Amino acid sequence: MKLSQKVVIVTGATAGIGWATAVSFAQAGAIIVASGRRQERLNALLAELPAGRHLAIAGDIQDPTFPAALVAQTVSALGRIDVLVNNAGVGQQHPLADIPREAVETVFNTNVLGLLQMAQAVIPPMRQQGGGHIVNVSSIVGQRPLPGGVVYAASKTAVNFLSRGLRFELKRDNIRVTTVYPGLTATEFADVRLGQQGVNRFGLRGVPAERVGRAMVRAVENGRSECYITWFDWLFSHLNRLFPRTLDTLLAQIAYWDNTTR
Ligand SMILES: NC(=O)c1ccc[n+]([C@@H]2O[C@H](COP(=O)([O-])OP(=O)(O)OC[C@H]3O[C@@H](n4cnc5c(N)ncnc54)[C@H](OP(=O)(O)O)[C@@H]3O)[C@@H](O)[C@H]2O)c1
């Protein structure tokens, strides 16, 4: 897909990966519809984008009426939707034994139901215009949970299955679906997650969000179904498929070491 003058909705555009992705698509010539709850951050993003008919539409993706409203306002203002980047998401860090039900609901309502409702909302206009592209932001941990963030990982595994299912169901409508598997990325994510926040016990920094944004632009331009950001993420994913028990043992050792050095 050539992105010049294409209409691209980016959810979770007020920070991190979503912000960087909106900038990357705009630099490729797209018209951005940026969404998230924080209106002032959306205004700041729009001020940073190259000139264009960009829009900011604030709202909470957990509100069951918001996805349809976001899509209706976009179609009414811009006439079409070419790409949806389903990026809004929230993390969590609690042992499963203690995680409160409200945290589980927030994670699944945001990462799974919100994402599915956004996809459902863009399908009718995309069908009507003869095609489109849905990009679902998963995570490398959707393929292999890490201790402490297992509910979050399960929500991303659900994203993987939804993506794959949508890809088959929408093929005849010429609607492509890409699943993106970022690894650790330098954003606000760990500072705003539910449960234990801001702790990065292994001192890892993560890749810049701009790198993830540029990878998503390339994935849409080239019609790719799956998108890894680094060779390490790709290797981790494939080793996990080939040697699942070896990785179980390795991760159990790391979790044990982490607990005993705490
Ligand atoms: N950072 C990582 O290491 C990493 C790794 C793999 C995958 N990911 C995934 O990448 C995506 C973006 O994460 P990030 O790292 O950029 O995190 P971030 O900096 O915390 O940004 C999260 C974005 O999601 C939005 N959001 C959260 N809850 C929302 C809600 N209820 N309604 C509307 N918007 C909501 C936030 O906007 P408001 O707060 O303004 O609503 C914000 O724009 C997520 O899906 C995350 O799971 C991140």
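**Notebook: aromatic residues of H8 and a pocket**

I began in helix H8, where Phe232 and Phe236 lie 4 residues apart and are therefore separated by about one helical turn; helices here are DSSP runs of H or I with at least four residues, strands are E runs of at least two, and both are numbered from the N terminus. I noted that this is a predicted model, in which local features need pLDDT of at least 70 and side-chain atom pairs count only at pLDDT 80 or more, while totals for chains, interfaces and linings use all residues. Residues are numbered from 1 along each chain as its sequence is written, and side-chain values use heavy atoms, with hydrogens and water left out.

I then looked up ring pairs, taking rings of Phe, Tyr and Trp (its six-membered ring) with centres within 6.5 Å, called stacked under 30 degrees between planes, edge-to-face over 60 and tilted for the rest. The count came to 4 aromatic pairs. Trp231 and Phe232 have ring centres 6.3 Å apart and planes at 80°, so I entered them as edge-to-face. Phe232 and Phe236, with centres 6.5 Å apart and planes at 25°, are a stacked pair. Trp231, Phe232 and Phe236 form one aromatic cluster.

Which of these residues are buried or exposed, with buried meaning under 20% relative accessible area, exposed over 50% and partly exposed in between (1.4 Å probe, protein chains only)? Trp231 counts as exposed at 64% relative accessibility, whereas Phe236, at 17%, counts as buried.
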